[in-house]
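The following exercises are meant to be worked through with the sequence and the coordinates open side by side. Try each task before reading the solution beneath it.

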Amino acid sequence: MIFWFVLYQDKMNRNKIMKEQTNKNKIPASAGNIAVQVDDLTVAYNYKPVLWDIDLEIPEGVLMAIVGPNGAGKSTLIKSILGILKPIAGSVSIYGKSYKKQRSLVAYVPQKGSVDWDFPTTALDVVMMGTYGSLGWIKRPRQKEKKAALEALEKVGMLPFKNRQISQLSGGQQQRIFLARALVQNASIYFMDEPFQGVDATTEIAIINILKELRKARKTVIVVHHDLQTVPEYFDWVTFLNVKKIATGPVKDIFNDDNLTKTYGINYKVSIQE
Ligand SMILES: Nc1ncnc2c1ncn2[C@@H]1O[C@H](COP(=O)(O)OP(=O)(O)OP(=O)(O)O)[C@@H](O)[C@H]1O
Ligand SMILES: [Mg+2]
């Protein structure tokens, strides 16, 4: 279902790109910009709130982890920011405007398991779909887009698999394909829902290096993450979530036992390396 959403999103990107390119420069030039702002957001499934009155400001250029236990609402928060889910209250803005207006600035890698991989297409095709946003109306991908897709596949170590059907790739390999697809989108804000889930140690290092490169390029990267031990090493910003927002801010200031205990409800001891 999410996969179809992603395809739909690509199609919409393609349809709207001409209009959007005319007012492309939607990112204000001043320093200290807020990339994503969430105000009073409450989201419910079947009338049961799973996110409660969330206020969140994500500054431009951070590499941010969203942490919290299973069922805390992490995926729901991302889906609400991306307009996949409709909140019962509150609002979201991307660089001060609605997601609808800013969708060309945003790339999304959904959580594994939420994607229907039974889709008859090759790894290269999936990555090429990420370039549609930069194409005009009705134009098909050409050499330039293909080159970008091949480069992204190389970056995530999946070039040898470019002609493989995605359904015939392992879970970790599929994850890397989706990452490559997000990379060619050349977005300003990246949302990644557990990109390290089920990948081996080498792939994890390769992915985090790519994310750090994105941060260097002043992109904003928001990652749902479960491995608390690696938070200080990988991220500079963190949001603690458990239905409510527990805390958000620089890792060095707020990644501590107190917030971990409030979020996970048990006594946590972490040693934070500077
Ligand atoms: N489609 C749905 N219908 C009803 N309830 C749902 C639905 N999707 C999620 N939920 C519930 O909403 C809550 C938040 O789910 P969400 O997927 O956002 O959690 P999460 O923090 O991403 O968890 P995980 O770490 O397991 O991925 C959970 O209690 C979950 O059971
Ligand atoms: Mg989730």
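**Exercise 1.** How do the residues of the shell around ligand 1 divide into nonpolar, polar and charged?

*Solution.* The model is a predicted one, and the shell is to be sorted residue by residue. Sorting the 13 residues around ligand 1 gives four nonpolar, seven polar and two charged. As to where they sit, helix H2, which spans residues 74–81, supplies the largest share of this shell, with three residues.

**Exercise 2.** Identify the residues that come nearest to ligand 1, and then trace polar atoms that lie beside its oxygen atoms.

*Solution.* Begin with the residues that come nearest, which are Gly-71, Gly-73, Lys-74, Ser-75 and Thr-76. Next, take the backbone: a backbone N or O atom of Gly-71 is found 2.9 Å from an oxygen atom of ligand 1, and a polar backbone atom of Gly-73 is likewise 2.9 Å from a ligand oxygen. Then turn to the side chains, where a polar atom of Lys-74 lies 2.7 Å from an oxygen atom of the ligand. Finally, consider the surface of ligand 1, which taken alone exposes 640 Å², of which the protein buries 61%.

**Exercise 3.** Is Thr-121 buried or exposed, and which residues does Thr-121 contact beyond its neighbours within four places in sequence?

*Solution.* First locate Thr-121, which belongs to the loop that runs between strand S5 (106–109) and helix H4 (123–129). Its relative accessibility is 6%, and because buried means under 20%, Thr-121 counts as buried. Lastly, with neighbours within four places in sequence left aside, Thr-121 is in contact with Val-126, Met-129, Arg-164, Gln-165 and Ile-166.

Notes:
Residues numbered from 1 in each chain as written. Chains lettered and ligands numbered in written order. Predicted model: local features only at pLDDT ≥ 70, side-chain atom pairs only at ≥ 80, totals over all residues. Heavy atoms only, no water. Helix = DSSP H or I, 4+ residues; strand = E, 2+ residues; numbered from the N terminus. Buried < 20%, exposed > 50% of the residue type's maximum accessible area, 1.4 Å probe, protein only. Contact = heavy atoms within 4.5 Å. Near = heavy atom within 4 Å. Polar contact = N/O pair within 3.5 Å; in protein donor to acceptor, adjacent residues only side chain to side chain. Areas by Shrake-Rupley, 256 points an atom, 1.4 Å probe, with all protein chains shown as cover. Nonpolar A, V, L, I, M, F, W, Y, C, P; charged D, E, K, R; others polar.
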